[in-house]
Amino acid sequence: MKNLVIVESPAKARTISKFLSKDYIVLASMGHVRDLPKSTLGFDPLDNFKPKYQISKDKTKIIKELKSQITKDTIIYLAADEDREGEAIAWHLIPALKCEKNPIKRIVFHEITKPAILNAIKNPRDINQDLVDAQQARRILDRAVGYKLSPLIWKKVRYGLSAGRVQSVAVRIIVDKENEIRAFEPEEFWTITACFMDPTFEAILSKVDGKTQKITNKKQAQNIKQSCEEGKYKLENIEQKDIKSYASAPYTTSTLQQDASTKLGFSVKQTMVISQKLYEGSINIPNHTGGLITYMRTDSVSLSNTAITMANKVINQVFGEKYNIKTPRIYKAKTKGAQEAHEAIRPVDMALMPKDIKTYLDANEFRLYSLIWKRTIATQMKEATIANTTYKISAGKKGELEFQAKGKKIIFDGFMAVYMFDKTQATADIFLPEVKTAQELSCKNIQTIQKWTKPPSRYTEASLVKKLEALGIGRPSTYAPTISTIQQREYVIKTDDKKLKPAPIGEIVDSFLVEHFADIVDTGFTAKVEENFDKIANGKISWQDVLRDFYEPFIKNVEDKEQNAPRAKFNDSRVLGDDPKTGKPISASVGRYGPYVQLGTKDDKDKEGKELKPKFASIPKEFSVDKINLSQALLLLQLPRTLGVDTNDKDIKVNIGRFGPYVQVGSNYYNIKDEDPYTISLDKAKQIIVEQDKAKAQALVKEFVDEDIKILNGKYGFYIKHKNKNYKLPKTLTAKELGNMSLEKTKEYIKNSPKNKKYAKKTK
């Protein structure tokens, strides 16, 4: 009898196969094997939202390979990750492999170690249908939003754009922050510092007449300085207080992403890629087989008893007993919707210290593993004790001013000792000199510094994850793809200092959605949907009911806006300067077809009073509409360029369009993706024209000139081109049959071709 274990990735398969006997074959499904079809809605709202799953094209070969290992007696172990996506992957494998009659065992584990895998094999369970239903609800609801809302945005905003449920909310959060920044008005304030000597230290003005007071102008600051110069300085009081500092909770997906961003400079996606490698254990380390960390998609902060015992042992050996705690420290999740079933992210073996395995990891793997190891060990170490000292100093002509100097000293470093491996993370002592109460002090000078309040800071990837988590939007598996998607769609851009800023088109789409689909971009509404997914996962509500409550009002609104909503409003243009040749203004803006620069205005007229049309040029991706300057705009406005003429005296022009740079001769267009449109020569353009004309001639199977109909052989097979539209042909037809096809038969194929807007789009 053969045992087949199916995991998600080849790396995981290789690692797990080392733990099992030859009676087991371990193979990978490479993630999901079935999904909703791309070309249709993919589910039937009239039939209780019944999904129409199909095997993904890129998984047919994998399914075939898996099937080849299955006989009627094969026991199948479905070992996908233990979260909703993993449960759905396992569930989809059964119908895809048609193995319903085989013994099916669902196994789960949170770390890839031999004991964990053997324990999972011994303790299989059934598929958790509630988890599957929660994933189905998310997938279908997200498909509904994307499939129904995106075409509306094409129509009302710009072709080619798209909308996503969680992604649109993330963009909304970033746009709201940008609006806060724009609305911010800086306020003046002054800091006043007394610099003492014999002994040397500094103190900052804290109170005026016993009250905290903000110094808002130079006159106030000068009056205080003058009062200081006319009075004496005396140490009135010394406050000493010991405080306890405790280690932060073990890492969840969110907190690991945040810390890796702020301390290591990793993007959210980069953190997940590296942690996946550490989890799967595809790293060769002597005397260690398996993963280095537990499962990296979790919102739990709990540690197992085994983990706590290991941590205590390492603390005793490395730091000494005085750093250990008698009672294990237990953490509770504070975030909305957190699931406490799993462990936090931790090393699988605490004794595997970062320095001992450094040579076997690449630089980033080592840095991330070190971060996780230190955080986990720190959670079970004693708290640090820090002595805080505050000197309160009276000053001013009437003693009306109070300056304060603060110092601190680490009495016992506690958990902070683990961070001494990385001195940048250690808290340094700030010493105050020895001064006695009532002692008069000598002031060297008074510094008055003008400052301005700063606007709110833009989100980083890490702080956006924290915001999404706090609002209850998304789950551990969705943070990274959400943030990647909004950048890939170019709704959000990353600034030079790695902050997230809305792109102009992102703001326009957000404005349209806020006006017409307030629920879709409402954080409270989106969090409520997430709560409903959790309730489905816990078996409390039906997934169809959740979809029904959302879908019916959503579709009604889409249909209404399709008829009644006006086109989206685009932002005002930004004037860059004047054209040196014509003196006309040059501006940058975003329009229906994307960002562009414009020379002149619609009000321009020639000497005879006739209207002159402005000149436009698209802004390519390497430029930002917010940052483009006059010299860059002048470069773009060189296009279209006329290079010369062909043998028929037709102009050969070069330009940039929606699909990139091209050469144009009459109504014929030639792609020049690999050439610079600003420097391409006439000879090179002619060469490209000859080559592409030759390729087009070879692709031509048959032509009906009078009807403007061509049968062509393209990248994806044979098709008909008629009046700049493409029509599918059956894949069973051969080149010979198509070459002999009559005009009537060709027209019949055009008439009966599926109304696929995506396929039958206009071509150049």
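Asp 142 has a relative accessibility of 25% and therefore counts as partly exposed, in a model that is predicted. Its salt-bridge partner is Arg 165, and the closest N and O atoms of the two side chains are 2.6 Å apart. Because Asp 142 belongs to helix α5 (residues 129-156) and Arg 165 to helix α6 (residues 165-183), the pair ties together parts that are 23 residues apart in sequence. Arg 165, at 3% relative accessibility, counts as buried, the limit for that class being under 20% relative accessible area.

Other residues of the 165-183 stretch can be followed from Thr 482, which sits in helix α14 (residues 479-488). Leaving aside residues up to four places away in sequence, Thr 482 touches Val 166, Gln 167 and Ala 170. A polar atom of the Thr 482 side chain lies 2.7 Å from the backbone oxygen of Thr 478, and with a relative accessibility of 6% Thr 482 counts as buried.

The structure holds 29 salt bridges, and some of them concern the strands β12 and β13 and their surroundings. Strand β12 (residues 384-395) pairs with β13 in the antiparallel sense over 11 bridges, with Tyr 391 standing opposite Ala 405 in β13. The two strands form a hairpin with 5 residues between them, and in the turn Gly 396 has a positive phi of about 100°. Strand β13 (residues 401-412) also pairs with strand β10 (residues 201-208), again in the antiparallel sense, over 4 bridges; here the bridge partner of Val 208 is Leu 401 in β13.

The loop of this hairpin takes part in a salt bridge as well, for Lys 397 pairs with Glu 230, the closest N and O atoms being 3.7 Å apart. The pair links distant parts of the chain, since Lys 397 is in the loop between β12 and β13 while Glu 230 is in helix α7 (residues 218-230), 167 residues apart. Lys 397 counts as exposed at 58% relative accessibility, whereas Glu 230, with a relative accessible area of 44%, is partly exposed. A further salt bridge joins Glu 383 to Arg 329, with the closest N and O atoms 3.7 Å apart. Glu 383 lies in the loop between α12 (363-379) and β12, and Arg 329 in the loop between α10 (305-318) and α11 (354-357), so this pair ties together parts that are 54 residues apart in sequence. Arg 329 is buried, its relative accessible area being 17%. Elsewhere, Glu 82, Glu 87, Arg 106 and Arg 125 are linked in a network of salt bridges.

Another sheet involves later residues of the chain. Four strands form an open sheet in the order β25-β26-β27-β28, with antiparallel pairing. Its edge strands, β25 (700-704) and β28 (725-728), each pair on one side only, and the twist averages 25° from one strand to the next. Between β25 and strand β26 (residues 709-714) there are 4 bridges, the two strands running antiparallel, and within this pairing Lys 702 has Ile 711 in β26 as its bridge partner. Helix α19 (residues 682-699) packs on the sheet, where it touches β25 and β26, and its direction makes about 80° with that of β25. Helix α21 (residues 743-752) also packs on the sheet, touching β25, β26, β27 (717-722) and β28, and its direction makes about 70° with that of β26.

Note on methods
Residues are numbered from 1 along each chain as its sequence is written. Side-chain values use heavy atoms; hydrogens and water are left out. Two strands pair if DSSP finds at least two bridges between them. Axes are lines fitted to C-alpha atoms, for helices over the stretch in contact, and angles run from 0 to 180 degrees between N-to-C directions. Contact means heavy atoms within 4.5 Å. Buried means under 20% relative accessible area, exposed over 50%, partly exposed in between (1.4 Å probe, protein chains only). A polar contact is a pair of N or O atoms within 3.5 Å; within protein, one must be able to donate a hydrogen and the other to accept it, and residues adjacent in sequence count only if both atoms are side-chain atoms. A salt bridge is a side-chain nitrogen of Lys or Arg within 4 Å of a carboxyl oxygen of Asp or Glu.
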